[in-house]
Amino acid sequence: MVPVGVRLAVTGLSGRPELNGRAGVSISWDEEKGRVGVKLDTGERLLLKPDSVLVHGAAQGRPSRSIEERSLFSNMFARPGALSKHEADVVWSGTRLPRVFFDIEVDGAPFGRVVIELWPDRTPKSAENFRALCTGERGVSKSSRKRLCYRGSKFLRVLKGLALFGGDITKGDGKGGESIYGGEYEDLSCTSDGAPTHDRPGIVSMGWPGDKPPGDPEDDNPHKRTHLRFGSRFSIFLEADHHFDGRLPVVGVVVAGIDILAALSETPVNARKQPETKVGLTIDIKISDCGQLPESECRLRDS
């Protein structure tokens, strides 16, 4: 299902068709309906308005009703394999900033709800990844055979009063994870001018590609993990930490439940900062449910 307010971008002119990381069997121009037709590997069919599709490659812009441009568009997309498998960019044009929630439980007991406001107007690719992983709308991954959803995943590292790290939806040991775009994806938004920073408590960022955040002072070789590629893992910071500016893309901020996260950060941990009792028993901090809140509960985007 295409989220409301998100325009889909198609990138490249060789290889396999793909829309925002979703592999397609074919992409074509439906002249009769005046729509862009997309058939996905899952069997799902989409009909999109031309002005909701951004075309990047040898020819750019939306399809026109002129014979010349319509023919060009048809020739570009009618053939399976007409587009590259490069990850496509997400362009957000909505008016209300989406909000998602985590219902958290500790060792099977309900602990509370955390609500996060996302900023797709500032980091659209990572914010859309996080949103879709909350809704689970992308279904099961063809590569990992795991559901692309945070539901059931755990917080695997806890830094008292500082941060919590989670989102490993594939391995569950803090070394896995997968994005909605397939495996890892690149996002350079955190290095751009005006990128949101880790300037307040509750900032949520996409996570790290290794078993520790890039630049983590506890990492014996922090330089080996500075490439800006991400999957499903995320970080929630309980205080401002500009050390991660330019290293992790900020997707939003906690707007409700920061007290719950602060309480969770008091959980006993072992030497590796993993939740564990003093006698060595694992403490499960799990996302029991997650999803997206209705638009009526979301804030209007600042003009």
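Select Arg131 and Glu137: their side chains meet in a salt bridge at 2.9 Å, N to O. A salt bridge here is a side-chain nitrogen of Lys or Arg within 4 Å of a carboxyl oxygen of Asp or Glu. Arg131 is buried, with a relative accessible area of 5%, while Glu137 is partly exposed at 28%. Buried means under 20% relative accessible area, exposed over 50%, and partly exposed in between (1.4 Å probe, protein chains only).

The model is predicted: local features need pLDDT of at least 70, side-chain atom pairs count only at pLDDT 80 or more, and totals for chains, interfaces and linings use all residues. Residues are numbered from 1 along each chain as its sequence is written, and side-chain values use heavy atoms, with hydrogens and water left out.

**Whole chain**

Show the chain as a cartoon. It has three helices and 17 strands; these are DSSP runs (helices H or I, at least four residues; strands E, at least two), numbered from the N terminus. Of the 303 residues, 50% count as buried. Among contacts between residues at least 6 apart in sequence, 67% join residues at least 24 apart, where contact means heavy atoms within 4.5 Å.

**The eight-stranded sheet**

Next, select strands 8, 9, 10, 11, 13, 15, 16 and 17. They form an open sheet in the order 10-11-15-13-16-9-8-17, with antiparallel pairing; two strands pair if DSSP finds at least two bridges between them. Strand 10 (155-159) and strand 17 (285-292) stand at the edges with a single partner strand each, so one side of each has no neighbour in the sheet. On average, neighbouring strands are turned by 25 degrees against each other, direction ignored. Axes are lines fitted to C-alpha atoms, for helices over the stretch in contact, and angles run from 0 to 180 degrees between N-to-C directions.

Within the sheet, pick residues 203-206 (strand 13) and 250-256 (strand 16): three bridges join these antiparallel strands. Ser205 has Val250 of strand 16 as its bridge partner. Now add helix 2 (residues 124-135), which packs on the sheet and touches strands 8, 9, 13, 15, 16 and 17. The direction of helix 2 makes about 105 degrees with that of strand 17.

**Charged pairs**

The structure holds 11 salt bridges. Select Glu105 and Lys286, whose side chains meet at 3.6 Å, N to O. Glu105 is in strand 8 and Lys286 in strand 17, so this salt bridge ties together parts 181 residues apart in sequence. Is Glu105 buried or exposed? At 16% relative accessibility, Glu105 counts as buried; Lys286, at 27%, counts as partly exposed.

Move to Arg151 and Asp289, a salt bridge of 2.8 Å, N to O. Arg151 sits in the loop between helix 2 and strand 10 and Asp289 in strand 17, so the pair ties together parts that are 138 residues apart in sequence. Both are partly exposed, Arg151 at 37% and Asp289 at 29%. Finally for this group, select Arg99, Glu117 and Arg299, which are linked in a network of salt bridges.

**Nonpolar cores**

A nonpolar core is a set of buried Ala, Val, Leu, Ile, Met, Phe, Trp, Tyr and Cys residues joined through side-chain atoms within 4.5 Å. Which residues have the most contacts inside the largest core? They are Phe102, Ile116, Phe130, Tyr150, Phe155 and Leu261, in a core of 45 residues. A second, separate core of six residues includes Leu97, Ile203, Val250 and Val253.

Centre the view on Tyr150. Neighbours within four places in sequence aside, Tyr150 is in contact with residues including Leu133, Gly167, Met206, Ser232 and Ile287.

**Aromatic rings**

Rings of Phe, Tyr and Trp (its six-membered ring) pair if their centres lie within 6.5 Å; planes under 30 degrees apart count as stacked, over 60 as edge-to-face and the rest as tilted. The count comes to 11 aromatic pairs. Tyr150 and Phe234 form an edge-to-face pair, 5.1 Å centre to centre with 75 degrees between the planes. Phe234 lies in strand 15, 84 residues from Tyr150. Tyr150 counts as buried at 0% relative accessibility, and Phe234 is likewise at 0%.

Then go to Tyr181 and Tyr185: their ring centres are 5.1 Å apart and their planes at 65 degrees, so the pair is edge-to-face. Tyr181 is buried at 5% and Tyr185 is buried at 0%.

For the last selection, take Phe102, Phe130, Tyr150, Phe155 and Phe234, which form one aromatic cluster.
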